[in-house]
Amino acid sequence: MTTTTYPFVFDPKQPFIQQASDWIADVFYEQLPEAGFEVRDEQIYMAFQLERAYQEKKTILAEAGVGTGKTLVYLLYAVLYARYTRKPAIIACADESLIEQLVKEEGDIAKLGRYLNLTIDARLGKSPDQYICLNRLDEAKFEHEDGERFRDIYSGLPDFVQTPDTMQAFHPYGNRKDYPDLSDEQWNKIGWNVFQDCLVCPQRHRCGQTLSRDHYRKAADVIICSHDFYMEYVWTYEARKREGQLPLLPEHSSVVFDEGHLLETAAQNALTYKLKHAMFESIITRLLEGEVREKLAQTIEEAIMQSDRLFELLDRTSKKVPGSDRRDIVFSDQLLREVNRFRGLLSDIEEELVFESGLFTLDNYHVTIVEEHIEMIQIALNLFAQPKQLISWITEDRDGITLVIMPKKVKEVLKERVFSRPMPIVFSSATMSVDGTFDYMASTLGIEQFLSFSVESPYDYKAQMQASLIPDQPDVDKAKLVLELLQKSEGRALILFPSEEELRSFRQATEHAAAANSYRFLYEGQAEISSLIAAFQHDEPSVLCAVTLWEGLDIPGPSLSHVIIWSLPFPPNDAVFAARRADSAQPFEEVDMPYMLLRLRQGIGRLIRSRDDQGYVSIMGAELNNPQVRERIMQFLP
């Protein structure tokens with residue numbers, strides 16, 4: 001082989017990983033220092049640890065503190081191994097903002113390309129909800145409130161979307177990032193959501209999501225996606241093959257889960273079933289468009305009526321959960337009877353379709369879609385027969401209620417479909433261990449055999465950071481206190497909130513406060529997230545208020561000189577954590593505290609991003625009045 005494939009002369013008689021590791025060591029000892037980078041012992045140590053994982057094709061939990069340069073290490077191994085196997089590597093990030101950090105102009109991929117003279121073919125595999133849905137945009141154009149803005153978006157789409165012209169070359173369009181001015185609320189009116197039936201969409205061949213998928217599949221080196229998207233690939237792999245579709249991702253050589261401690265949440269989200277009466281009705285009635293026997297038509301009508309009855313019962317009997325946007329399901333004999341009646345009718349339809357398909361009177365493609373949808377509903381409703389294995393709740397929007405069903409434990413599926421494969425899998429994060437062990441994370445993900453290591457940050461936190469704990473007091477105006485804290489850093493702060501409700505509460509409390517006029521406040525949700533981060537970085541005295549930026553935000557320099565934790569990030573009041581607490585003998589110690597400590601360490605890690613950074617961390621919260629909680633937090637504060 002030539003040096004055009006690898007950045008070193010490859011000897012086919014020698015083990016590839018050994019040669020790759022030698023070159024990577026040379027990069028960190030010589031090439032990058034010559035370009036002005038400092039030699040970091042922690043980085044070199046991590047490189048030798050990853051060598052073993054790639055050599056033995058094993059899973060490794062790589063806990064490396066802030067500033068160790070872990071991204072450069074895993075990128076080099078992933079790219080070289082992709083070229084050796086001729087299959088791209090997957091880099092799965094916790095969310096879209098982390099993806100942007102990786103691929104931005106001054107990101108780590110660009111740095112490697114520039115300083116090592118490497119041309120890295122890295123392409124984005126963004127989640128479907130990051131793209132415009134052409135059908136939803138068509139509807140939103142006539143909306144009273146934002147219709148004019150949506151009409152402008154439509155008129156700005158490429159010509160091939162609006163006319164029957166043939167597309168000459170790949171032309172990415174419709175990405176959330178292309179519309180930074182839209183609030184999340186506005187985007188949710190035109191972006192893809194889980195109830196869009198893409199398989200039979202007449203516009204799917206002109207859809208930005210579909211076109212981008214064709215593009216990223218051809219990546220030679222790296223495909224970058226979110227945890228959610230990778231899990232969606234895992235869960236839909238078999239179903240898409242049955243439907244004659246390509247899986248969401250191509251065959252790949254290795255996987256890196258950046259901020260890997262968040263993977264369990266993504267796995268549960270992907271394995272969640274969402275059922276809506278209107279969606280079922282729209283799909284099942286397609287069968288009536290063909291010539292069907294009277295018995296099948298009657299069974300379909302009965303199934304639609306039964307679905308309506310079931311959802312009406314759920315709507316009527318479910319109970320609102322305080323401090324949450326969900327409703328709890330009240331299990332009863334009547335509910336189980338209605339569920340079983342619905343399942344029986346679905347089974348009848350499945351049997352009739354077997355008979356009907358032999359008559360060739362129905363469109364095979366439509367039949368396949370209906371069969372897949374019925375199978376999905378049956379799998380979901382089957383969990384009602386095992387309520388101890390079920391987490392379920394109701395949500396509501398303007399289109400009615402949605403029944404959300406999730407298996408309690410995903411680790412069995414992860415163990416079978418992800419960790420059983422002989423492939424290097426790297427979990428990378430600054431926070432994966434709790435009290436010096438990786439047991440908490442490994443057990444929740446179903447990882448039985450793994451390599452692991454932990455290296456501290458090279459930064460001097462005692463000299464660079466001043467931390468303070470501020471317990472909530474009943475007679476203290478918390479929002480006013482935050483405005484006073486901002487004076488210490490003259491703005492330049494990131495305020496982290498555990499929930500959107502708390503962020504909205506702070507925004508309302510400070511909206512008309514005179515002290516708030518001294519700073520420009522940027523709120524997550526008011527615009528596309530990467531545009532907000534860029535505005536925060538470039539407008540030095542500004543203040544960024546966020547819910548999802550506990551991980552991944554990398555802003556060295558004075559723009560981020562103060563991290564304010566509004567309240568301790570204990571688990572949310574959702575059905576998943578409620579179920580975990582119910583299954584635990586000591587829920588506070590085994591569920592709440594490990595989650596909070598991991599997330600808090602991540603949030604604090606946003607402050608010091610270089611050896612020159614200085615700043616403050618202010619941690620607030622009612623739980624700080626608990627001596628046990630204070631002591632656990634003080635163990636890792638400087």
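**Figure 1. The largest nonpolar core of the predicted model.** This core has 50 residues, and W23, F28, L50, L76 and I91 touch the most other members. Helix α3 (residues 70–85) supplies the largest share of the core, 11 residues. Another core, of 38 residues, lies apart from it and includes L532, L560, M596 and I619.

**Figure 2. Contacts of I91.** Neighbours within four places in sequence are left aside in this view. I91 is then in contact with Y74, L75 and A78, with L102, with V222, I223, I224 and C225, and with V256. I91 is also one of the residues that touch the most other members of the 50-residue core.

**Figure 3. Domain 1 against domain 4.** The domain assignment gives domain 1 as 1–121 + 219–272 + 409–458 and domain 4 as 461–636. Domain 2 (127–218) and domain 3 (277–398) complete the assignment. Taken over C-alpha atoms, the centres of domain 1 and domain 4 are 28 Å apart. The contact involves 24 residues from domain 1 and 25 residues from domain 4. The size of an interface is often expressed as the accessible area lost when the parts come together. Between domain 1 and domain 4, about 1,900 Å² is buried, with 49% of it on carbon and sulfur atoms.

**Figure 4. Polar and charged pairs between domain 1 and domain 4.** The rule finds 2 salt bridges across this interface. The count of residue pairs in polar contact, both at pLDDT 80 or more, is 8. On the side of domain 1 that touches domain 4, the elements giving two or more residues are α4 (96–103) and α12 (263–270). Of these, α4 gives the most, with 4 residues. A salt bridge also links R601 and E63, whose closest N and O atoms are 3.7 Å apart.

**Figure 5. Surroundings of L445.** L445 is placed in helix α18 (residues 439–445). Its relative accessibility is 1%, so L445 counts as buried. Not counting residues up to four places away in sequence, L445 touches L263, E264, K411, L414, F419 and F427. The C-alpha atoms of L445 and E264 are separated by 6.2 Å, although these residues are 181 residues apart along the chain.

**Figure 6. The salt bridge of D315 and R327.** The closest N and O atoms of this pair are 3.0 Å apart. D315 belongs to helix α14 (residues 294–317) and R327 to strand β8 (residues 327–328), so the salt bridge ties together parts that are 12 residues apart in sequence. D315 is partly exposed at 35% relative accessibility, whereas R327 is buried at 12%.

**Figure 7. The salt bridge of E338 and R341.** Both residues lie in helix α15 (residues 333–357), 3 residues apart, about one turn of the helix. Their closest N and O atoms are 3.2 Å apart. E338 has a relative accessible area of 11% and is buried, while R341, at 42% relative accessibility, counts as partly exposed.

**Figure 8. Charged residues in K141, D138 and a salt-bridge network.** Side chains of opposite charge can pair when their charged atoms come close. K141 and D138 meet in a salt bridge, 3.6 Å from N to O. K141 counts as buried because its relative accessibility, 14%, is under 20%; D138, at 27%, counts as partly exposed. A network of salt bridges links E143, E145, D146 and K189. By this rule the count of salt bridges comes to 33.

Technical notes
Residues are numbered from 1 along each chain as its sequence is written. This is a predicted model: local features need pLDDT of at least 70, side-chain atom pairs count only at pLDDT 80 or more; totals for chains, interfaces and linings use all residues. Side-chain values use heavy atoms; hydrogens and water are left out. A nonpolar core is a set of buried Ala, Val, Leu, Ile, Met, Phe, Trp, Tyr and Cys residues joined through side-chain atoms within 4.5 Å. Buried means under 20% relative accessible area, exposed over 50%, partly exposed in between (1.4 Å probe, protein chains only). Contact means heavy atoms within 4.5 Å. Domain bounds come from an automatic or database domain assignment. Buried area is the accessible area (1.4 Å probe) that two parts lose on being put together, summed over both. A salt bridge is a side-chain nitrogen of Lys or Arg within 4 Å of a carboxyl oxygen of Asp or Glu. A polar contact is a pair of N or O atoms within 3.5 Å; within protein, one must be able to donate a hydrogen and the other to accept it, and residues adjacent in sequence count only if both atoms are side-chain atoms.
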